Amino acid sequence: MDSQTTDNKTLVVLTHEQLTEIYENAAAIGAKEALKMFEQERKKEQGKRADRRLRNTKLLLRNYHMLKEHAENSVFGRTQMEESALDILESMMSLYDNEVIIESIKRSATRTAVIVSHIETMFGLYAAYCDKSPNRDVEMRRYEVVWDMYMAETTLSAKEVAKKQHMSKENVYADLRVATERLTALIFGVDGLKVQ
């Protein structure tokens, strides 16, 4: 690199190799920053997706009895369908309005029955997980909390569950939060996990 000064201005002369090196370094730095931004956006989107799945799990639990009744009492016959529970759940992910989500599931008796069956199966897996857990007492209590509040034939309020479990309402909500996160992972699969 050579430089010359004329009229208080410096003129820099670069060789072709020096200029190529500057371009390559700038490109490498730019690519590295672009990858970093891409990774940040990907993690942000994964977090939003996990949040939607958790929200949808809560929605499915709150509406479980209504969905089950709809599937059992539908005048339309159940037909074979190619759509799996995970396909149906995936289609929920782009919807944000709770009523629209439930109507989407209720679109057919078969679709509703698939979701109800999936929820019941995953709940059974959750019960088995809790039963085999090294921390069985705590995990079974969490299972019972979510069961009593959403799945039991006659559901209980948080206050009633607190009395039944001899704990505070705050602890009921804490147990419910943990149980719902675990059920989300079961209901939605690995994608249901919230990655930090």
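These are my notebook entries on the helices, the nonpolar core and a few single residues of this structure.

**Entry 1. Overall make-up**

I noted at the start that this is a predicted model. I looked up the secondary structure of the protein chain and found eight helices and two strands. Reading along the sequence, I wrote the pattern down as β-β-α-α-α-α-α-α-α-α. The protein chain has 196 residues, and 33% of them are buried. I then checked the contacts with a separation of 6 or more, and 64% of these join residues 24 or more positions apart.

**Entry 2. The nonpolar core**

I turned to the largest nonpolar core, which holds 30 residues. Which members touch the most others? They are Val146, Met149 and Val172. I listed the elements that give two or more residues to this core: α1 (16-62), α2, α5, α6 (136-151), α7 (158-165) and α8. The most comes from α5, which gives eight residues.

I followed Met149 further. Setting aside neighbours within four places in sequence, I found Met149 in contact with Thr155, Leu156, Ala158, Val161, Val172 and Leu176. Val172 is thus a contact of Met149, and both are among the core members named above.

**Entry 3. α2 against α5**

Two packed helices are described by the angle between their axes and the distance between the axes. I looked up both for each pair below.

Helix α2 covers residues 64-73 and helix α5 covers residues 109-132. Their axes come within 8 Å and cross at roughly 135°. An angle over 145 degrees would count as roughly antiparallel, so I entered α2 and α5 as oblique to each other. Their crossing is left-handed.

On the α2 side I listed Tyr64, Leu67, Lys68, His70 and Ala71. These meet Ala109, Thr112, Ala113, Val116, Ile119 and Glu120 in α5. Sorted by class, this contact has seven nonpolar, two polar and two charged residues.

**Entry 4. α5 against α8**

The next pair was α5 and α8, whose axes come within 9 Å and cross at roughly 120°. That angle makes α5 oblique to α8. I recorded this crossing as right-handed, whereas that of α2 and α5 is left-handed.

From α5, the residues in this contact are His118, Met122, Phe123, Leu125, Tyr126 and Tyr129. From α8 they are Ala179, Arg182, Leu183, Leu186 and Ile187. The class count here is nine nonpolar, one polar and one charged.

**Entry 5. Leu186**

I picked Leu186 out of the α5 and α8 contact for a closer look. Leu186 is in helix α8, which runs over residues 169-188. Is Leu186 buried, partly exposed or exposed? Its relative accessibility is 29%, so I entered Leu186 as partly exposed. Leaving out neighbours within four places in sequence, I found Leu186 in contact with His118, Met122, Leu125 and Tyr126. These four also appear in the list of α5 residues that meet α8. I also looked up the spacing of Leu186 and Phe123, which are 63 residues apart along the chain. Their C-alpha atoms are separated by 8.3 Å.

**Entry 6. α7 against α8**

The axes of α7 and α8 come within 8 Å and cross at roughly 100°. The band for roughly perpendicular is 65 to 115 degrees, so I entered α7 and α8 as roughly perpendicular to each other. In α7, Ala158, Lys159, Val161 and Ala162 take part. They meet Lys169, Val172 and Tyr173 in α8. I counted five nonpolar, no polar and two charged residues in this contact. Val172 is in this contact and is also one of the core members listed in Entry 2.

**Entry 7. His166**

I then checked the loop between α7 and α8, where His166 lies. What is unusual in the backbone of His166? Its phi is positive, at about 55°, although His166 is not a glycine. The relative accessible area of His166 is 73%, so I entered this residue as exposed.

**Entry 8. Ala50**

The last residue I looked up was Ala50, in helix α1. Ala50 has a relative accessibility of 4% and therefore counts as buried. Ala50 and Phe188 are 138 residues apart in sequence. From C-alpha to C-alpha, I found Ala50 and Phe188 to be 9.5 Å apart in space.

Definitions and conventions: Residues are numbered from 1 along each chain as its sequence is written. This is a predicted model: local features need pLDDT of at least 70, side-chain atom pairs count only at pLDDT 80 or more; totals for chains, interfaces and linings use all residues. Side-chain values use heavy atoms; hydrogens and water are left out. Axes are lines fitted to C-alpha atoms, for helices over the stretch in contact, and angles run from 0 to 180 degrees between N-to-C directions. Angles under 35 degrees count as roughly parallel, over 145 as roughly antiparallel, 65 to 115 as roughly perpendicular and the rest as oblique. A crossing is left-handed if the near helix is turned anticlockwise from the far one by less than a right angle, and right-handed if clockwise. Contact means heavy atoms within 4.5 Å. Ala, Val, Leu, Ile, Met, Phe, Trp, Tyr, Cys and Pro count as nonpolar, Asp, Glu, Lys and Arg as charged, and the others, Gly among them, as polar. Buried means under 20% relative accessible area, exposed over 50%, partly exposed in between (1.4 Å probe, protein chains only). A nonpolar core is a set of buried Ala, Val, Leu, Ile, Met, Phe, Trp, Tyr and Cys residues joined through side-chain atoms within 4.5 Å.
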